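Trainee: Please take a close look at the largest cavity in this structure. What lines it, and how does the lining divide into nonpolar, polar and charged residues?

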Amino acid sequence: MLNSVVVTGKERPHLAPNLSVGLGPITLPEMIDRPQLVVRTNTNRVVVADTHRWAGLLKNEIPRVIAENLSRILGSTNIRYYPQHGSDTAETRIYVDIQRFESVLGKAATIDAIWTIQRAGSTGRQTDSVHVQESVPDESYDAVVAAYGRAVFAVSQAIASTLQAAEAASSTP
């Protein structure tokens, strides 16, 4: 199961406890939009692990986990993810495109993501991206899932940094 990460006080920038953020939609590569884990075996081959499944659909779990992570990182309880009620009325919208979500057993889990942040009523947008690679210490699927959890947290931290910079820029006269 993909889980959010516990954030310690020293990692929390406390951007704005009342910040209203709508997250999503989040797009994923079609190759991973399935209940089974998909792992790369070499440059040109992937395997769909029929006996190793996600607890929920990634198109639902990734937004949920990023929203939980952002809530903890930013200290805000007003982070909603698409299509959850309220995500479309937020003061700030974040659209995320997960372009790469792949792993190799015993090696690494990799996520490449691009996101765009837009304030309600503004035509200005801020786009950023991140490449995250987390070590997979052994050839178990549990290790792959744990590495993905750490990688999604790193993506969440990068989004939070961009959001913090965008909020600071919008509040500067």
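Mentor: pLDDT is the predictor's confidence in each residue, from 0 to 100. This is a predicted model, so that scale comes into play before any detail, because where pLDDT is low, the predicted coordinates should not be read in detail. The protein averages a pLDDT of 88, and 88% of the residues score at least 70. Strand S4 (residues 79-81) has the lowest confidence, at a mean of 91, while strand S7 (residues 125-135) has the highest, at 97.

Now the cavity. Searching the whole structure turns up 1 cavity of 30 Å³ or more, and the largest holds about 50 Å³ of space. Its lining consists of Ile32, Gln36, Leu37, Val38, Val39, Trp54, Leu58, Phe101, Ser103, Val144 and Tyr148. S2, S5 and H2 are the elements that each give two or more residues to this lining, with S2 giving the most, 4 residues. By type, the lining has 9 nonpolar residues, 2 polar and no charged.

Phe101, one of the lining residues, also belongs to the largest nonpolar core, which has 46 residues; Phe101 is among those with the most contacts inside this core, along with Ile94 and Ile111. Strands S1 (21-27), S2 (36-42), S5 (92-104) and S6 (108-119) and helices H1 (58-74) and H2 (141-171) each supply at least two residues of the core. H2 provides the largest share, 15 residues. Leaving aside residues up to four places away in sequence, Phe101 touches Pro29, Ile32, Trp54, Leu58, Ile62, Thr110, Ile111, Tyr148 and Val152. Among these contacts, Ile32, Trp54, Leu58 and Tyr148 also line the cavity.

Definitions and conventions:
Residues numbered from 1 in each chain as written. Predicted model: local features only at pLDDT ≥ 70, side-chain atom pairs only at ≥ 80, totals over all residues. Heavy atoms only, no water. Core = buried A, V, L, I, M, F, W, Y, C linked by side-chain atoms within 4.5 Å. Buried < 20%, exposed > 50% of the residue type's maximum accessible area, 1.4 Å probe, protein only. Contact = heavy atoms within 4.5 Å. 1 Å grid on protein atoms, 1.4 Å probe; cavity = no way out; pocket = protein on both sides within 12 Å on 5 of 7 lines; lining within 4 Å. Points joined across faces, edges and corners; volume = space filled by probe spheres on them. Nonpolar A, V, L, I, M, F, W, Y, C, P; charged D, E, K, R; others polar.
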